[in-house]
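Here is a friendly walk through one protein model, written for someone seeing it for the first time. Have the 3D view ready and follow along.

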Amino acid sequence: MANQLIRCFLLGFWLFGTSGNLFGQPIISVRPGHLPTNGLDIRQQVAFVEDDDVDFFPNQARPPTVFGRFPEGAALKVFLKKNVRNGWIRFTIGPVRELSSIILYAGPQPSLQLYRLKNGRLQLLEQAGSVLPKNHLSAITNSYKAVSLPLLPNQNNLFYLRIVSTRHYNSLPLTLFDPVVYRAFLYEQKSLEQPFFLFLIGTLSCLLLLACFWLFQYFTSPDKAYWWYGFYLLFTFAYLFRAEENVFSTGLILPNQPTVLLFAIPFLVVGMEYTYLRFICALLEVDESQKIIQMALRIWTIYFILIIIIWLLLLAFFDSYKVLAVYYTRTHLVLNLVNVVIILLIVRIIYVSRHPLRGYVLVGSLLLAMGFVGSIIISSFYRGWSTSLIYTNPAFYSGLGILLEVFCLSVALGRRTQLLKDEKKHTESVLATEQARFQQRIAETEMAALRSQMNPHFIFNCLNSIQFFTAQNDSEKASGYLSKFSRLIRLVLENSRSEKVTLDNELETLQLYFDMEAMRFPQKLHYRIDIDPQLDTGSVQIPPLLLQPFVENAIWHGLMHKEEGGTVLIDVHQPQDGILQIEITDDGIGREKAAEYKSKSATKQKSFGMKITADRINLINQLYQIQTNIVVTDLVDTQGQPAGTKVTLSIPI
């Protein structure tokens with residue numbers, strides 16, 4: 001008997017504490033079908049208590065026995081303490097005339113569970129929330145933001161609403177709607193959400209297009225900065241797309257497995273941080289062999305692998321909602337610690353780097369941080385359910401921060417591309433200059449080699465002439481010839497050390513050569529050198545021994561095969577500024593007739609001397625970037641018979 005009395009006393013005390021009416025909790029009086037069009041706010045008419053046990057959908061729920069007032073005021077201090085919280089809301093709806101139902105709108109929350117007290121135990125009436133599969137939502141509300149309240153006639157209806165929220169409760173909307181008005185309210189909400197939805201879609205499109213663009217840039221112009229930035233944009237795209245699913249519940253991806261999207265958060269966050277760090281190192285040309293960088297990359301790799309293993313094990317052996325509760329209450333602390341570490345590391349990299357692009361990274365990082373800080377402030381302080389407005393939606397500020405940061409980093413990459421192009425052009429210019437200098441040195445060396453070949457060739461011909469006079473026992477002519485030969489040798493040796501000589505010097509050498517050949521063949525060789533009187537032969541410079549091979553060719557192949565000999569005419573003039581023209585004309589047998597004789601010695605001389613001269617002219621054109629032209633004209637008489645050859649040299653001066 002005593003035990004029964006004690007049980008009745010405890011039961012009565014519990015009913016007394018939970019009924020609410022005896023403690024002054026007001027009864028909410030409603031008339032279904034006549035609620036205000038903008039809903040009835042009941043936050044001041046409910047009792048509230050926060051529970052430390054975070055379980056999204058427990059099998060058996062037991063409400064606390066002590067309730068207090070609904071929280072008000074700023075919530076930043078509480079928000080920073082907890083990432084997710086579990087609260088109980090108790091409220092009583094007054095008697096209604098007939099069986100009916102109304103809608104309780106609680107806003108976007110991970111978990112909503114509505115209970116009614118029956119036989120001293122809680123009876124689950126309905127559940128909703130963003131972590132609930134879409135096919136488990138109520139047919140009446142068809143929304144994860146609201147639950148339906150079934151009202152029994154002629155009695156007070158006591159309800160318990162269990163809420164697992166990622167926001168502080170001062171921003172929790174608790175509004176009653178009639179079902180018809182609620183549908184209109186949802187339509188209005190969608191209209192209000194449209195600007196933010198368009199903003200989010202635009203941001204996602206920009207991220208995806210930029211990711212594809214920079215990855216394509218990497219394959220066309222391999223640069224690690226392009227590679228890591230492309231993957232950073234892909235991770236950011238996936239992260240924001242998950243946010244879009246969380247806010248709008250479009251059900252585009254795994255509509256009946258929303259926890260999978262939540263489990264993707266740590267992978268996406270770590271992926272964003274890892275690729276961002278690698279991108280910053282590549283953009284600012286930071287040496288990744290530094291110990292602190294290597295340590296950070298190892299930590300990120302190990303951390304990422306551990307998260308995958310731990311989550312797979314937990315999902316394999318435990319209930320997914322239990323695992324989700326562990327993530328919200330424990331794992332997020334590790335993520336926040338990792339975020340702090342990477343922020344400090346990025347700040348250090350930017351501070352140490354002296355790269356001209358570090359300003360872009362600094363501004364982009366500040367804009368990103370400001371966006372997330374704004375998101376936290378809006379999420380913590382803003383009251384009411386009109387978070388569908390773009391300027392009151394926390395996700396808008398985080399998305400805007402990401403978009404501005406991506407813009408700064410894309411501008412930095414564009415600037416980097418331009419810097420690389422400028423550096424490449426400068427390098428190519430330097431290489432081209434060095435190559436030109438190298439080619440010039442090669443040409444000068446080849447020119448000197450050709451001059452050294454030309455001098456022995458000419459001297460060899462002169463020695464043949466001296467030998468001829470000696471064989472004829474003509475000592476006087478041999479002495480005169482030897483005198484001219486010594487003067488010619490002196491000029492040749494002096495000219496061989498110079499790249500260019502004056503025209504006066506070249507003509508003096510040529511005249512000595514004519515005199516020596518005329519001494520050998522006095523009856524067969526005549527010559528004349530005509531010089532334009534207005535031409536300053538002392539200042540005009542040309543390559544040494546350039547004319548002698550043509551004169552030699554005219555004598556030996558044009559005149560020597562002619563019994564009566566002939567004349568070689570040298571005409572030097574300047575037809576226009578910057579051009580020196582020298583014409584070497586002979587009245588010999590012509591090139592066609594000379595080819596028929598095929599004199600062995602003459603052929604060797606022609607092939608050797610003329611080949612060297614042709615090579616020298618090509619090198620002169622390459623070395624001095626000029627165009628020395630040689631035109632050979634076959635002369636004929638009035639009957640059309642060969643009458644000699646004219647060689648015209650046009651030399652830029």
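The notes below go through some membrane annotations, a group of aromatic rings, and a sheet with its helices.

## Where the record puts the membrane

Keep in mind that this is a predicted model. The unreviewed UniProt entry marks "transmembrane region" over residues 196-216, 225-241, 261-284, 296-318, 333-352, 359-382 and 394-414.

Let's look at two of those stretches. Residues 196-216 come out as 100% helix and 0% strand, with the end C-alpha atoms 30 Å apart. Residues 394-414 are also 100% helix and 0% strand, and there the end C-alpha atoms are 31 Å apart.

## A meeting of rings

The structure holds 23 aromatic pairs. One of them joins tryptophan 214 and tyrosine 229: it is edge-to-face, with 6.2 Å centre to centre and 70° between the planes. Tryptophan 214 belongs to helix α3 (residues 179-220) and tyrosine 229 to helix α4 (residues 224-248), so the pair ties together parts that are 15 residues apart in sequence.

Are these two residues buried or exposed? Tryptophan 214 and tyrosine 229 are both buried. They also have company, as one aromatic cluster is formed by Phe213, Trp214, Tyr226, Tyr229, Tyr232, Tyr276 and Phe279.

## A five-strand sheet

Further along the chain there is an open sheet of 5 strands, in the order β13-β15-β16-β18-β17, and its pairing is mixed. At the edges sit β13 (525-531) and β17 (629-636), each pairing on one side only. On average, and ignoring direction, neighbouring strands of this sheet are turned by 15° against each other.

Zoom in on one edge and you'll find β17 paired with strand β18 (residues 642-652) in the antiparallel sense, over 8 bridges. For threonine 633, the bridge partner in β18 is lysine 646.

## Helices against the sheet

Helix α11 (residues 503-520) packs on the sheet, where it touches β13, β15 (566-576) and β16 (579-586). The direction of α11 makes about 165° with that of β13. Helix α12 (residues 548-559) packs on the sheet too, touching β13, β15, β16, β17 and β18, and its direction makes about 145° with that of β15.

How far does α12 reach from its first C-alpha to its last? With 12 residues, α12 reaches 15 Å, close to the 16 Å expected at 1.5 Å a residue. Of the 12 residues of α12, 11 are buried, so this helix is largely enclosed by the rest of the structure. Among the buried ones are Phe550, Val551, Ile555, Trp556 and Leu559.

Note on methods. Residues are numbered from 1 along each chain as its sequence is written. This is a predicted model: local features need pLDDT of at least 70, side-chain atom pairs count only at pLDDT 80 or more; totals for chains, interfaces and linings use all residues. Side-chain values use heavy atoms; hydrogens and water are left out. UniProt positions are given in the numbering used here, feature names are shortened, and annotations may be inferred rather than shown by experiment. Helices (H or I, at least four residues) and strands (E, at least two) are DSSP runs, numbered from the N terminus. Rings of Phe, Tyr and Trp (its six-membered ring) pair if their centres lie within 6.5 Å; planes under 30 degrees apart count as stacked, over 60 as edge-to-face and the rest as tilted. Buried means under 20% relative accessible area, exposed over 50%, partly exposed in between (1.4 Å probe, protein chains only). Two strands pair if DSSP finds at least two bridges between them. Axes are lines fitted to C-alpha atoms, for helices over the stretch in contact, and angles run from 0 to 180 degrees between N-to-C directions. Contact means heavy atoms within 4.5 Å. The expected span of a helix is 1.5 Å times one less than its number of residues.
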